Amino acid sequence: MLTALKTGKGVTLAFFFFFLITTHINQVDAQQLSGTGYPVINRLDPTDLSFRQFINDVQANRRRVAQIRWRPLDAAENLTIFQYTVRQGEDLFFLAARTNIPFSAIATLNRLNNPTALEAGTQILLPSSPGLFIPRNIENDFEMILTTARQNIEQGSEAFVELRIRKAGDPQVFYFLPGADFSPTERAFFLNSGFRFPLRQFRITSSFGMRADPFGGHPHFHQGIDLAAPLGTEVFAAAEGIVTAIGYDPIYGNYIIIRHRNNWTSLYGHLQRVETYLQASVNSGTLIGRVGSTGLSTGPHLHFELRQDGRPFDPAGRLRP
């Protein structure tokens, strides 16, 4: 469980935030002033008055965070949030460079789980302070990683302030860690595909690439890998995504296809039975089926494929335990 910094210190009304102190946890509730409740930046250049104000706030907050890293309440008191609509050709890294705010702060406040999740026309929130915004209610694998990594934080080592920030309606609760950034593991997961092996225990019996067909002996391109395991072994989703196909094929037998971010898909073949349903939203590690030997199969195993934009890739180099 994340550890909150307790304090009896009084606080003042700050720019667009009202701070409610309890005996258990610090809470910051964003007040709406009009419309969205946040000042709007129309252009990311000094001719935009809101952008100029935002940059001034960023510079001041960077100095505060460097000086009072161990006092998150002080950093949160001066936190301001602005709204901006992403333009064509702009991505997360462009916004981070233009605003002088780490991409990790922008990504976590807007609940992005990968860099490509930001599209032109999307309304986003820009925080004026570096740090991580970890949501109380987890929605995806990446947020689970962020939360799990901070379950055993000792008081004072990485204290936080609880924020209520309005996003598309009702306030959402975040834990704000001023000055914090992604760990190397979190950064790698955010930037990369993050696929995991679909079986806990297995033996690779056939690799990706050219091989002799096990039934006819002629050269054949194997578009995935075969993972041998006992009949009925649990099969898990390799990453979060949406189940887009379930069916039976004379070669693949009972199969499942899951669509993932960045136009990736994963296929699970020769299943004994399916444990999910069409259009189901699955997380990495969700049980989806059982190892079988249906279709054109020499014995119990899982045939697993990874494709991006329809092109097959060797799963072995993209999977983690």
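**Exercise 1. Which residues does Phe133 touch, not counting residues up to four places away in sequence?**

A word on the ground rules before the solution. This is a predicted model, where local features need pLDDT of at least 70, side-chain atom pairs count only at pLDDT 80 or more, and totals for chains, interfaces and linings use all residues. Residues are numbered from 1 along each chain as its sequence is written, and side-chain values use heavy atoms, with hydrogens and water left out.

Step 1. Take contact to be heavy atoms within 4.5 Å. Phe133 then touches Leu79, Ala105, Thr108, Leu109, Pro127, Leu163, Ile165, Phe174, Tyr175 and Phe176.

Step 2. Now place Phe133 in its core. A nonpolar core is a set of buried Ala, Val, Leu, Ile, Met, Phe, Trp, Tyr and Cys residues joined through side-chain atoms within 4.5 Å; buried is under 20% relative accessible area, exposed over 50%, partly exposed in between (1.4 Å probe, protein chains only). The largest core has 44 residues, and Phe54, Phe133 and Ile165 touch the most other members. H4 gives the most to this core, with 5 residues.

Step 3. Don't stop there: a second, separate core has 25 residues, including Ala229, Tyr268, Leu302 and Phe313.

**Exercise 2. Find the largest cavity and describe its lining.**

Step 1. On a 1 Å grid over the protein atoms alone, a cavity is a set of points where a 1.4 Å probe fits but cannot get out, and lining residues have an atom within 4 Å of a point. Points are joined across faces, edges and corners, and the volume is the space filled by probe spheres set on them. The whole structure yields 1 cavity of 30 Å³ or more, and the largest cavity comes to about 40 Å³.

Step 2. Its lining consists of Ala107, Thr108, Arg111, Leu112, Phe133, Pro135, Phe142, Glu143 and Leu146. Sort them with Ala, Val, Leu, Ile, Met, Phe, Trp, Tyr, Cys and Pro as nonpolar, Asp, Glu, Lys and Arg as charged, and the others, Gly among them, as polar: you get 6 nonpolar, 1 polar and 2 charged.

Step 3. Helices (H or I, at least four residues) and strands (E, at least two) are DSSP runs, numbered from the N terminus. Helix H4 (103-109), strand S6 (131-135) and helix H5 (141-148) each supply at least two lining residues, with H5 giving the most, at 3.

**Exercise 3. Compare the settings of His270, Leu278 and Gln279.**

Step 1. His270 sits in strand S17. It is buried, at 5% relative accessible area, and has a positive phi near 65 degrees despite not being glycine.

Step 2. Gln279, also not a glycine, has a positive phi of about 70 degrees. This residue lies in the loop between S17 and S18 and is exposed, at 52%.

Step 3. Leu278 is in the loop between strand S17 (264-274) and strand S18 (281-282), partly exposed at 48%. Leaving out residues up to four places away in sequence, Leu278 touches Val243, Thr244, Ala245 and Ile246. The C-alpha atoms of Leu278 and Ala245 are 6.3 Å apart, across 33 residues of chain.

**Exercise 4. Decide where to read the model with care.**

Step 1. pLDDT is the predictor's confidence in each residue, from 0 to 100. The protein's mean is 81, and 81% of its residues reach 70 or more.

Step 2. Confidence is lowest in strand S1 (residues 17-21), at a mean of 32, and highest in strand S19 (residues 287-291), at 98. Residues 1-34 have pLDDT below 50, with 91 contacts beyond near neighbours in sequence. Residues 152-157 are also below 50, with 6 such contacts.

Step 3. Where pLDDT is low, don't read the predicted coordinates in detail.

Terms used:
1 Å grid on protein atoms, 1.4 Å probe; cavity = no way out; pocket = protein on both sides within 12 Å on 5 of 7 lines; lining within 4 Å.
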